[in-house]
Amino acid sequence: MFYENVAVQANIPYKYGMGWTLTNEPLKQPALRHSGLAETGMSIFYILPESEIGIAIAVNTNDYFVGKDLMDRIDWGVILMLTGDKPNQISANQYVTRHLLYDLAYFVVFAISILPSFLIKLFKKRLATGKLWIKISVLILLHLILPIFILLLPQIFFATPF
């Protein structure tokens, strides 16, 4: 089950099979890894056959934007410490800082999406003059394409589920 696997990609040092990932990096020995995510939690299991070490880490939280990446760095840090290597460095305020940046980006997107509500009179005047194909293009862009793009932003950039 652990060793019947295939390479994930040519440039990625992981092999995957039957739910388990086999890797030699960043460790000096092979590590078997299995992780899981649900809306309310994350878990990760490691087996280091050469060191006869097994570890399971479970957390009662899940955050696709920042927490998932930080949890990966923390669990690899635990394994690195158990094998005598130097763990990953994570700054104390990295979680808050990254969330503030995401919140700021979403606030800007929100502000842009409600801006037409405040400029409706100007918008009506512009629609009254000009070519019909421009009017229709602007309406389609503002009322169809932009909202769909905004809804898909988390999936496109962060691989998060709806």
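This passage describes the nonpolar core, the aromatic pairing and a nonpolar surface patch of a predicted model.

The largest nonpolar core comprises 13 residues, and those with the most contacts inside it are Leu27, Tyr46, Leu48, Ile55, Ile57 and Ile79. At least two residues of this core are supplied by each of strand S5 (41-48), strand S6 (53-59) and helix H1 (67-82). When residues up to four places away in sequence are not counted, Leu48 touches Leu27, Gln29, Pro30, Ala31, Ile53, Ile79 and Thr83, and two of these partners, Leu27 and Ile79, are themselves listed with Leu48 as having the most contacts inside the core.

A search of the whole structure finds 1 aromatic pair. This pair is formed by Tyr46 and Trp76 in an edge-to-face arrangement, with 5.1 Å from centre to centre and 65 degrees between the planes. Tyr46 lies in strand S5 whereas Trp76 lies in helix H1, so the pair ties together parts that are 30 residues apart in sequence. Tyr46 counts as buried because its relative accessibility is 1%, and Trp76, at 9% relative accessibility, likewise counts as buried.

Nonpolar side chains also occur on the surface, where a patch of about 1200 Å² is made by Leu132, Ile136, Ile140, Leu141, Leu144, Ile145, Ile148, Phe149, Leu151, Leu152, Ile156 and Phe157. One of these residues, Leu132, is found in helix H4, which spans residues 132-158. Leu132 has a relative accessibility of 59% and therefore counts as exposed. In soluble globular proteins, nonpolar side chains tend to be buried together.

Methods:
Residues are numbered from 1 along each chain as its sequence is written. This is a predicted model: local features need pLDDT of at least 70, side-chain atom pairs count only at pLDDT 80 or more; totals for chains, interfaces and linings use all residues. Side-chain values use heavy atoms; hydrogens and water are left out. Patches are made of residues with over 30% relative accessible area and no salt bridge: like charges are joined within 9 Å, nonpolar side chains (Val, Leu, Ile, Met, Phe, Trp, Tyr) within 5 Å. Accessible areas come from the Shrake-Rupley method with a 1.4 Å probe; for residues, only the protein chains shown count as cover. A salt bridge is a side-chain nitrogen of Lys or Arg within 4 Å of a carboxyl oxygen of Asp or Glu. Helices (H or I, at least four residues) and strands (E, at least two) are DSSP runs, numbered from the N terminus. Buried means under 20% relative accessible area, exposed over 50%, partly exposed in between (1.4 Å probe, protein chains only). A nonpolar core is a set of buried Ala, Val, Leu, Ile, Met, Phe, Trp, Tyr and Cys residues joined through side-chain atoms within 4.5 Å. Contact means heavy atoms within 4.5 Å. Rings of Phe, Tyr and Trp (its six-membered ring) pair if their centres lie within 6.5 Å; planes under 30 degrees apart count as stacked, over 60 as edge-to-face and the rest as tilted.
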